[in-house]
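User: Please take a close look at one helix in this model and at what surrounds it. I would like a single connected account.

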Amino acid sequence: ATSSVDFVPSILDLMGVAYKRADFHGISFSSELTNKMEMTDRGRTRYTFDSGENAYWVCAIMQQYKLIISRVDTPWLFDLDVDPYERVNYFDDPNYAQVRDDLLDSLFLAMDEYNIPLKDASGVIDFSTPACLDSNNQFLMNSKPMTCAEFSEKTIVNVKCEKTRFQHYCPVTCGACCQDSLGKIWFNGSLKDCSQL
C-alpha cells in the first residue's frame, strides 16, 4: 500500500530528478508503475509516531502487524487479523518472534533515518519486555483497592515495600527487582543491552 508521502519521491524518480531519500518520509513506487507486473509483492512497513519535544510513542505497521514502543509502557505487538480491537499483546509469543524482530529492526533504523522524535528521548525505553514489571492489577492496601502507580504516589512506600506482598506486586516501585532484562533498551539515543550500561 502507498500513501500520500510516497507521491513526491515517486514523481521525482519518474522525472529523473536526483534527491536525498532522507528528505522525504515516503518511498518511491515508480518501479511499480513502470514494470509489467499487475500486482506488487513488495513488503512495506509504515511508521507513525507522537511528535513534539516530549514524544511518548512510535509505531511500526507491516501488513496486519502493529508494533508500538512507548516511553511509559512495555512494547506491544498486535495481529489485527486475529485481534482487530488490539487487546492481546503478542510481543512475547514465540509464534510472532520473527515478525516482532523484523519490526523492531525496521523501527530501530527508521528512528534515525526519519528523525523520529522518540530517538532523542532521555531515559530508558524498553525495546523488549523488562525482567521486572509492576502489576497493573489492583491489590488491597488498608482495605482500599490500589495499583502500583497509586501506591508509588504515597509517602508510605518505604514502609510498605518492606513487606514481601508489596514487593511481589510492585517490584519496580519497591526497588525489589534485582534481575537484568535480557533484551534491548533504548538509552540516551542508542540501542543497548544491560551489559553495555
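Analyst: The buried residues of helix H3 pack against five strands: S1 (45-49), S2 (57-62), S3 (65-70), S4 (76-79) and S8 (185-187). This is a predicted model, and every value below is computed from it.

Start with the helix itself. H3 covers residues 97-113, which makes 17 residues. At 1.5 Å a residue, a span of 24 Å is expected. The end C-alpha atoms are 24 Å apart, so the expected and actual spans agree.

Next, the buried side of the account. Val99, Arg100, Leu103, Leu104, Ser106, Leu107, Ala110 and Met111 are the buried residues of H3. An α-helix has 3.6 residues a turn, so residues three or four places apart point the same way. The buried list includes such positions, among them Leu103, Leu107 and Ala110.

One contact point on the strand side is threonine 45. Threonine 45 belongs to strand S1. Its relative accessibility is 16%, and because buried means under 20%, threonine 45 counts as buried. Leaving aside residues up to four places away in sequence, threonine 45 touches Leu103 and Ser106. Both of these are among the buried residues of H3. Threonine 45 also touches Ala60, Ile61 and Met62. Strand S2 runs over 57-62.

Now the charges. Side chains of opposite charge can pair when their charged atoms come close. The count of salt bridges is three. One joins aspartate 101 and arginine 100, at 3.1 Å from N to O. Arginine 100 is buried, with a relative accessible area of 16%. Aspartate 101 is partly exposed, at 32% relative accessibility.

Another salt bridge links aspartate 112 and lysine 119, with the closest N and O atoms 3.9 Å apart. Here aspartate 112 is exposed, with a relative accessible area of 58%. Lysine 119 counts as buried, at 15% relative accessibility.

A further salt bridge involves the strands around the helix. Lysine 66 pairs with glutamate 86, and the closest N and O atoms are 2.8 Å apart. Lysine 66 lies in S3 and glutamate 86 in the loop between S4 and H3, so the pair ties together parts that are 20 residues apart in sequence. Lysine 66 is buried, with a relative accessible area of 19%. Glutamate 86 is partly exposed, with a relative accessible area of 29%.

Then the residues that follow the helix. Just after H3, asparagine 115 has a positive phi of about 55 degrees. Tyrosine 114 sits in the loop between H3 and strand S5 (124-126).

That tyrosine leads to the aromatic rings. There are four aromatic pairs by count. In one of them, tyrosine 47 and tyrosine 114 have ring centres 6.0 Å apart and planes at 45 degrees, so the pair is tilted. Tyrosine 47 lies in strand S1, while tyrosine 114 lies in the loop after H3, so the pair ties together parts that are 67 residues apart in sequence. Tyrosine 47 is partly exposed, at 24% relative accessibility. Tyrosine 114 is buried, at 9% relative accessibility.

Tyrosine 90 and tyrosine 96 form another tilted pair, 4.5 Å centre to centre, with 35 degrees between the planes. Both rings belong to buried residues. Tyrosine 90 has a relative accessible area of 11%. For tyrosine 96 the value is 12%. Tyr65 joins Tyr90 and Tyr96 in one aromatic cluster.

Finally, the setting. The protein has seven helices and nine strands. It has 197 residues, and 35% of them count as buried. Among contacts with a separation of 6 or more, 41% are between residues 24 or more positions apart. The exposed area is about 12600 Å², and carbon and sulfur atoms supply 50% of it.

Methods
Residues are numbered from 1 along each chain as its sequence is written. This is a predicted model: local features need pLDDT of at least 70, side-chain atom pairs count only at pLDDT 80 or more; totals for chains, interfaces and linings use all residues. Side-chain values use heavy atoms; hydrogens and water are left out. Helices (H or I, at least four residues) and strands (E, at least two) are DSSP runs, numbered from the N terminus. The expected span of a helix is 1.5 Å times one less than its number of residues. Buried means under 20% relative accessible area, exposed over 50%, partly exposed in between (1.4 Å probe, protein chains only). Contact means heavy atoms within 4.5 Å. Rings of Phe, Tyr and Trp (its six-membered ring) pair if their centres lie within 6.5 Å; planes under 30 degrees apart count as stacked, over 60 as edge-to-face and the rest as tilted. Accessible areas come from the Shrake-Rupley method with a 1.4 Å probe; for residues, only the protein chains shown count as cover. A salt bridge is a side-chain nitrogen of Lys or Arg within 4 Å of a carboxyl oxygen of Asp or Glu.
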